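Ready for some practice with a protein model? Have a look at it first, then try each exercise before reading its solution.

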Amino acid sequence: MARDLAIDLGTANTLVYMKGKGIVLNEPSVIAVNRQSGEVLATGHDAWDMIGRTPSYIVAVRPLRGGAITDFDITERMIRLLLQRVGVSRFTRPKVVICVPSAITEVERRAVTDATRRAGASDAQLIEQPMAAAIGANLPIDEPVGNMVIDIGGGTTETAVISLGGVVALEAIRVGSFDIDAAIQSYVRREHGVAIGERTAEEIKIQIGSAEPGPEDRSADIRGRDLVTGLPKTVRLTAEEVRFAIDEPVAAMVMSVKRCLAKAPPELAQDFLSRGMYLVGGGGMLRGLAKRIERETEVPVKMSPQPLEAVVLGAGHCIENYQALRGMFMGARR
Amino acid sequence: MIALSFITGFFTVMAVISGSALLVLVYLDNRKVRIDDGIAQFRRHIDALSPEARRSSVHHNNSEDKWGR
């Protein structure tokens, strides 16, 4: 008998929680496929190492963009492989709860549930990421108080106000940390005439990227291909330049938080001033982002102790209490 | 003959009235059960989200080495 699973099928990373065991898998949402035979060559960390470095017959792709499936077949194969890796066989079909962005369409929801069922699940239920994040971040959402959670993932930014076990206000945009990487790539190409890959852009963001000036501002040498000569070239990038480059996606994230605050009922709004907002997701780890949101909204922002795992832990709690929390699943509220 | 049809009619009307009354009672009883169910279900939902209920799963976070990072 297979143990039931919770999956955070993120644009950047996929985490799997097994009932009674906790988190059993955490790796990049990347799959490498042989273009000619259609055979899967690698998934997760191994496939991530291949991005931008493959011969023409191999393609290493992220099958999700903006939290939604862009390639149904590849996503189904990735989920099937994930299930196999955590011990699901043809004869053991677990119930699966999958975290999805609240902004995805009905068609995209169907794609996720269909892909999961076809990959071997007996039942596939969806839960909104901000709700799962609030459960996983251990916020007191069972009380009649305003809890605000900001989940910044690879492809989406979702802000939700939660009280008494339900979503009161929600704001979601399809801007995430991959848009920050893309902004860095585009800036370096435009201002320095150098092409860099998405992995290099991500490394720059982690090393010197920030949303607010800070004492640890520094510069870094980056290597790419000169667009004029076609030769390898090294350029020096400062933290201030990166901040300028990423301002547009960062400003969009902050604006979405402000819109969610504006949607919240006044009775709950006063709770935020005393309790603050909680930041989860890998994108929330950008240096100075919490400070910038705090400066622009005048509401304290706290970082969740487990920003990367909060969503899957919340979904895991739902799989542990499947019957009691059935009402939280997206189909149940229709 | 007239008396017989009167008695049959009387019993038919009585049967319809009793049946209807019984249906109304069953409906009202079910409605009460549904309201009670809603309260109990909401209570279960809220209880399942309490910090005590979450202690076992949310704090069940495995150590980092298990993920092979």
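Domain bounds here come from an automatic or database domain assignment. Keep in mind that this is a predicted model.

**Exercise 1.** Find out which domains chain A is divided into, and how far apart the centres of domain 1 and domain 2 of chain A are.

*Solution.* Start with the split: domain 1 covers 5-131 + 311-333, domain 2 covers 140-175 + 250-305, and domain 3 covers 177-247. Next, take the centres over C-alpha atoms: those of domain 1 and domain 2 of chain A are 25 Å apart.

**Exercise 2.** Work out how many residues of domain 1 of chain A are in contact with domain 2 of chain A, and which element gives the most.

*Solution.* Count each side: 15 residues of domain 1 of chain A meet 15 residues of domain 2 of chain A. On the domain 1 side, strand E7 (64-65) and H4 of chain A each supply at least two residues. The winner there is H4(A), with three residues. Sort that side by type and you get seven nonpolar, six polar and two charged residues.

**Exercise 3.** Now describe the side of chain A that touches chain B.

*Solution.* The contact uses 21 residues from chain A and 15 residues from chain B. In chain A, strand E3 (22-28), helix H4 (129-136) and helix H11 (310-320) give two or more residues each. H11(A) gives the most, with four residues. By type, this side of chain A has eight nonpolar, 10 polar and three charged residues.

**Exercise 4.** Is Arg53(A) buried or exposed?

*Solution.* Locate Arg53(A) in the loop between helix H1 (44-50) and strand E6 (58-61) of chain A. Then count neighbours: Arg53(A) is exposed because it has 10 other C-beta atoms within 10 Å, and the cut-off for exposed is 12 or fewer.

Terms used. Residues numbered from 1 in each chain as written. Chains lettered and ligands numbered in written order. Predicted model: local features only at pLDDT ≥ 70, side-chain atom pairs only at ≥ 80, totals over all residues. Contact = placed C-beta atoms within 7 Å. Nonpolar A, V, L, I, M, F, W, Y, C, P; charged D, E, K, R; others polar.
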